[in-house]
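Here are a few exercises to help you find your way around a new structure. Try each task yourself before you read its solution.

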Amino acid sequence: MTSPLVRVEDLTIDFGKVRAVDGLSFTLEAGAALGVVGESGSGKSASASALLGLHRGTGARVTGTVHVAGTDVGAADEAGLRALRGAEAAMIFQDPLSSLDPYYTVGDQIAEVYRVHNRVSRRAARARAVEVLDRVGIPDAARRARFRPHEFSGGMRQRVLIAMALACEPRLIVADEPTTALDVTVQAQILDLLHELRRETGTGLLLVTHDVGVAAESVDDILVMRHGRAVERGPVAEVLGAPREPYTRELLASVPRVDAKRASRVPGPRAAGGEDVPLLEAVGLRREFGRGAGRVTAVDEVSLTLHAGETLGIVGESGSGKTTLGRMLVRLLDPTAGGLRYRGRDIASLPENGLRPFRRELQMVFQDPVASLNPRRSAGESVADPIRAAGETDEGRIRARVGELLERVGLDAGHHERYPHEFSGGQRQRIGIARALAAEPKLIVCDEPVSALDVTTQAQVIALLAELQHELGIGLVFIAHDLAVVRQVSDRVAVMRQGRIVEQGPVDEVYGSPRDPYTRQLLAAVPALDPALAAVRRATRRELAAA
Amino acid sequence: MSEALLVQEAGAAPVAAPASGARQFWRRLRAQRAATAAAAVVLLLFLAAIAAPLLAALAGQDPDTYHPDLVDSAAGGVPIGSFGGIGADHWFGVEPQTGRDLFARVVYGARVSLGVAVVATVLQVTIGVTVGLGAALGSRRVDQVLSRITDVNVALPLMVIALGLLAIVPSSFPRPVLIALVIGGINWAGTSKIVRAQALALKSLDFVSAARLAGRGRWSIARRELLPSLAAPVITYAALLFPVNITVEAALSFLGVGIKPPTPSWGQMLTEADTWYQSAPTYLLLPAGLLFVTVLALTVLGEGIRTALDPRAASRLRIGTGRGQREEHAKEPTT
Amino acid sequence: MTGFLLRRLGGAVFVLLSLTVILYAVFYVAPGDVAQIACGPRCSPAQVAQVTEQLRLDDPVYTQYGHFLQGVLAGRDFSTGTGVEHCSAPCLGVSYQSDQQVMRLILAKLPATGSLVIGAFAGWILLGVGTGVLSAWRRGRITERVLTWLTLAGTATPVFVIGLLLIIVFCSTLQWLPSPAYVPFTENPEQWAWGLLLPWVSLALIESAKYARLTRSSMLETLAEDHVRTFRAYGVGERAIIGRHALRGALAPVIALSALDFGSMFGGAVLTESLFGIPGIGRELVHAVKVVDLPVVVGMVLVAGFFVVLANAVADVLYALADRRVVLS
């Protein structure tokens with residue numbers, strides 16, 4: 001019996017006092033593909049890096065055995081480690097823009113890597129670079145090899161990284177969140193590419209990801225990690241279809257499905273019998289940036305309506321203009337043209353002091369839990385800000401209200417004196433929601449509020465938002481790139497592409513029978529959790545690409 | 001471009017620095033041995049400067065009295081006694097030719113050197129913060145105008161202008177104040193560039209947008225959200241500016257256009273010192289050594305302050321193999 | 001790119017113009033009787049009146065400024081005691097003390113300052129960057145700690161202190177070198193080099209400390225970046241990592257700063273020149289200040305300012321070129 005490609009026994013990694021990986025053991029056979037799935041803090045990235053001995057010299061303490069392609073990574077000397085890296089096992093990183101050297105052409109970089117492990121002439125190395133670039137689907141590879149990384153798009157750059165990994169024909173490819181920074185359609189292409197390459201070359205694959213769907217599409221086995229330990233391992237169909245461990249089940253339950261119909265909702269106490277006038281109405285909104293030749297139209301003739309008690313989802317990839325649109329809806333950005341009516345009143349062109357009476361009724365929940373709270377103010381102070389700005393000066397009343405709000409979003413009111421860095425990402429988002437509520441808004445625009453969160457936390461925050469809407473009857477605009485998430489929360493949905501709305505309508509209609517080809521493309525790109533379904537989707541994507 | 005340089009020097013990125021109460025800051029500062037030692041030295045120097053008359057009285061001397069009996073005028077004014085006349089009466093010896101007590105002169109000199117540097121630094125910070133903040137918060141026009149003014153200020157060659165100004169203003173104007181004003185008024189561009197860069201970066205952060213949505217006006221936001229976050233880089237930069245100002249004053253006095261005699265200043269004491277190094281080495285070594293120690297201590301303290309205010313940047317600089325950021329994410333607690 | 005250059009050029013011109021206004025305001029409107037100062041403390045009132053007329057000091061300030069500006073742009077005529085002398089553009093006036101045209105004076109002193117600055121520049125770049133790279137390469141080891149402390153000491157020492165010490169040690173005590181003196185390159189290249197050796201070393205030592213620290217911290221930051229990690233993960237050796245991948249990014253701020261320092265040294269090497277008796281612009285300026293020779297002072301400050309503005313613009317362009325990621329905004 002041949003020894004496995006990867007053999008990890010009792011791997012433990014400590015960063016100072018924090019134990020990132022705790023007694024992890026697994027094997028990977030040659031040519032097989034393993035997906036390592038976990039949320040943040042699960043230790044999956046640290047484990048992947050350990051396979052190439054990347055912790056050496058960093059001050060991390062690594063114990064246990066790691067055997068990769070016959071080399072004992074822990075015991076290998078510098079030269080041995082260098083021989084392993086790239087030639088036997090190659091790594092693909094998450095952010096291709098920062099992972100490539102901006103000063104050299106991609107051809108040169110791949111050639112350099114090739115020459116580290118093969119004694120060939122420069123010309124031969126460059127030829128090899130062009131070869132692999134072509135193999136990963138970069139059109140006109142010979143010419144493009146002379147471009148620098150920033151001259152490629154995000155998806156192309158990731159292909160370049162994959163090409164670099166292929167150059168020395170390694171036996172194992174370790175991919176650490178290779179598609180997280182990419183749009184969903186591009187993500188699908190990259191996963192398809194990996195799938196193809198594996199079939200052709202028989203390379204083993206270790207895919208690290210937080211997205212269960214991504215893993216389901218591309219691997220044979222799944223290993224679920226949590227808090228540095230392995231929770232469950234098995235073939236994809238088994239783990240996803242009939243999970244044994246409670247954590248796995250919880251994880252899978254939290255993953256939003258794009259094909260799951262939204263549970264029918266009982267309208268909340270305030271929704272019915274309200275005003276006929278829509279809460280917010282946008283007519284032909286337009287926003288341009290820059291001047292002259294560099295002028296860019298981020299939002300182009302967008303019209304939409306929102307009623308009280310209803311959730312409008314806006315879905316789109318990067319560059320679609322959805323964030324710009326969101327900011328215009330709350331007048332953080334001024335529209336270049338077009339009308340915006342709030343409860344019948346035109347607010348598009350109101351100057352700042354005309355806007356003042358309504359300012360607080362239009363609130364926003366932001367994406368980045370790190371940047372959305374002032375790090376030098378306590379949570380309570382951040383939440384109290386809108387209350388103070390409204391003129392309330394009685395400290396007791398303020399404190400009481402803040403406590404109320406914190407409890408409402410599921411936090412401990414006694415923690416109001418803690419600083420943001422003492423809370424987790426999910427908790428910080430809740431604080432942001434509490435702050436938005438403190439202003440007693442009628443409309444909240446949520447700009448990617450859960451994108452930076454783990455899947456289990458995501459589910460909780462979404463549930464919170466739904467609850468609040470139900471109770472308070474506010475109108476919600478939910479902006480996201482994740483189609484599944486948007487489906488879960490919205491009553492109506494608008495699909496955006498390059499500044500325009502390509503399709504709009506009730507959520508079940510748009511998802512069930514999409515009319516616009518772009519919408520169809522988007523839906524086909526969403527990773528499926530069922531391998532059989534994944535194959536079907538892959539076929540659909542090929543069709544659409546050929547069309 | 002220069003912003004990038006200066007911001008790098010000041011170290012802290014606005015949101016990356018974890019919120020530190022004053023307590024955290026002091027704890028981190030005290031944890032660095034070098035910085036603590038430097039702080040002690042600096043404190044000592046400041047105390048000596050403030051208590052100059054007291055110390056001089058303790059030694060029983062003052063900086064102005066001539067003691068011609070203590071120098072050998074036949075030999076050109078060489079102080080009598082070894083090491084430049086060090087003894088029980090004159091702890092640091094006496095000045096050649098005039099016989100003035102060096103201990104008193106050095107101690108009073110500390111007053112001048114440190115005092116001028118303090119005023120100059122405060123001036124630079126005040127002007128810098130005002131201009132930088134105004135440029136970042138104002139309209140585009142205002143930003144352009146203020147940035148142009150800053151550019152002109154950058155182009156002013158410090159030493160040269162200082163020399164020119166100091167030559168022209170009549171000596172009736174108190175010299176130390178003049179020098180402090182000149183240094184402070186010329187070298188503020190660095191602070192303003194840092195403040196502007198940081199304020200602009202902060203302005204675009206979501207929590208500032210949230211404050212706008214809460215109904216706060218522009219100046220209220222500047223005061224409540226921006227100013228506290230600016231404190232760190234400004235303090236760091238000021239801590240590093242301070243020793244530079246000391247050196248500039250010393251240089252000006254050395255050239256003879258700074259503090260004019262009879263007021264003692266370390267730089268001025270060095271003007272004639274080279275001719276006396278053999279017979280009265282203390283006359284050279286004392287002010288030179290003190291200058292060196294002061295600037296060194298202040299620089300080490302400044303670096304210590306920078307590390308205490310933004311430990312993440314510092315740890316990256318220490319380990320430097322790219323794993324710093326990953327560790328932070330791994331420590332992120334789940335709900 | 002052309003738009004960027006044009007804008008920079010416009011900015012530079014604006015700055016220089018503002019400089020002239022400020023200088024003029026400060027120096028000619030300053031308290032004190034300019035004519036008296038110009039003539040000297042021992043002049044009789046009649047002589048002062050003559051000087052006032054000669055220098056047209058009775059004209060309103062803006063007329064004087066106008067003449068000055070005209071002189072800078074197109075040349076100007078001066079009445080001397082005997083006749084009329086033409087001062088061609090750019091005319092910075094005539095020295096009160098020596099009746100020499102300021103521009104000519106500056107040009108005469110320029111080679112000395114230039115020799116000093118260029119030699120020191122080469123020294124501090126080589127020493128500073130080299131030390132910085134070495135510190136970063138040997139990070140965590142003894143070499144680095146020693147170098148860190150040395151460079152720290154270097155930044156804390158004023159240049160005239162080091163200069164003094166070097167003179168004392170090498171010229172007076174050990175007598176290895178002759179007293180520093182400037183010999184023009186065209187006269188005797190060998191002596192030119194020997195005479196400038198100590199000044200070069202003093203300046204280079206002090207400045208290199210600053211550059212060593214900047215290079216080290218810049219290098220360490222670059223070494224922590226993602227793209228360096230990628231190449232390490234592909235087995236590239238440490239030397240290639242530093243030399244090929246880290247150095248270029250790390251050097252971008254160093255290049256920018258060195259351009260700035262180079263430019264400002266032209267007007268600002270005052271200390272070194274005074275200490276070592278090098279007849280350059282700086283020393284001349286100190287002298288002019290002491291005798292309050294206003295045209296020389298203003299002229300030299302303007303020239304120094306010009307160099308700084310030029311250096312600033314060059315630094316910006318170099319930085320943008322070196323660091324491709326910087327958008328030319």
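**Exercise 1. Work out how α7(C) and α8(C) meet.**

Keep in mind that this is a predicted model.

Step 1: start with the handedness. The crossing that α7(C) makes as it passes α8(C) is right-handed.

Step 2: get the geometry. Helix α7 of chain C covers residues 159-173 and helix α8 of chain C covers residues 189-223; their axes come within 9 Å and cross at roughly 140 degrees.

Step 3: pick a word for that angle. Angles over 145 count as roughly antiparallel and 65 to 115 as roughly perpendicular, with the rest above 35 called oblique. α7(C) and α8(C) are therefore oblique to each other.

Step 4: look at who touches whom. On the α7(C) side you'll find V159(C), I162(C), G163(C), L166(C), I167(C) and F170(C), and they meet L198(C), V201(C), S202(C), L203(C), L205(C) and I206(C) in α8(C). Sort this contact by class and you get 10 nonpolar, two polar and no charged residues.

**Exercise 2. Describe how the two domains of chain C touch.**

Step 1: find the bounds. The domain assignment gives chain C a domain 1 at 2-102 and a domain 2 at 108-322.

Step 2: count the residues. Domain 1 of chain C puts 18 residues into the contact, and domain 2 of chain C puts in 16 residues.

Step 3: ask where the domain 1 residues come from. On the side that touches domain 2 of chain C, α1 (2-28) and α2 (34-39) of chain C each supply at least two residues. The largest share there, eight residues, belongs to α1(C).

Step 4: sort them. That side of domain 1 of chain C, the one touching domain 2 of chain C, has 13 nonpolar, four polar and one charged residue.

**Exercise 3. Describe the side of chain C that touches chain A.**

Step 1: count again. Here 13 residues of chain C are in contact with 20 residues of chain A.

Step 2: find the elements. α9 (226-233) and α10 (238-268) of chain C are the ones giving two or more residues to this side. α9(C) gives the most, with four residues.

Step 3: sort by class. The side of chain C that touches chain A splits into three nonpolar, five polar and five charged residues.

**Exercise 4. Do the same for the two domains of chain A.**

Step 1: chain A is divided into domain 1 (6-253) and domain 2 (309-334 + 347-542). Their C-alpha centres lie 33 Å apart.

Step 2: across the contact, 20 residues of domain 1 of chain A meet 18 residues of domain 2 of chain A.

Step 3: on the domain 1 side, α8 (184-201), α9 (212-218), α10 (236-241) and α11 (246-254) of chain A give two or more residues. By class, the residues on this side are nine nonpolar, five polar and six charged.

**Exercise 5. Trace the four-stranded sheet of chain A.**

Step 1: write down the order. The open sheet runs β12-β11-β14-β15 in chain A, with antiparallel pairing.

Step 2: spot the edges. β12 (296-306) and β15 (345-346) of chain A each pair on one side only, which makes them the edge strands.

Step 3: see what packs on the sheet. Helix α12 (residues 322-329) of chain A touches β11 and β12 of chain A, and its direction makes about 125 degrees with that of β11(A).

Step 4: zoom in on one pair. β11 (residues 280-289) and β14 (residues 337-342) of chain A are joined by five bridges. Opposite E281(A) you'll find R341(A) in β14(A).

Definitions and conventions:
Residues are numbered from 1 along each chain as its sequence is written. Chains are lettered from A and ligands numbered from 1 in the order in which they are written. This is a predicted model: local features need pLDDT of at least 70, side-chain atom pairs count only at pLDDT 80 or more; totals for chains, interfaces and linings use all residues. Two strands pair if DSSP finds at least two bridges between them. Two residues are in contact if their C-beta atoms, placed from the backbone, lie within 7 Å. Axes are lines fitted to C-alpha atoms, for helices over the stretch in contact, and angles run from 0 to 180 degrees between N-to-C directions. A crossing is left-handed if the near helix is turned anticlockwise from the far one by less than a right angle, and right-handed if clockwise. Ala, Val, Leu, Ile, Met, Phe, Trp, Tyr, Cys and Pro count as nonpolar, Asp, Glu, Lys and Arg as charged, and the others, Gly among them, as polar. Domain bounds come from an automatic or database domain assignment.
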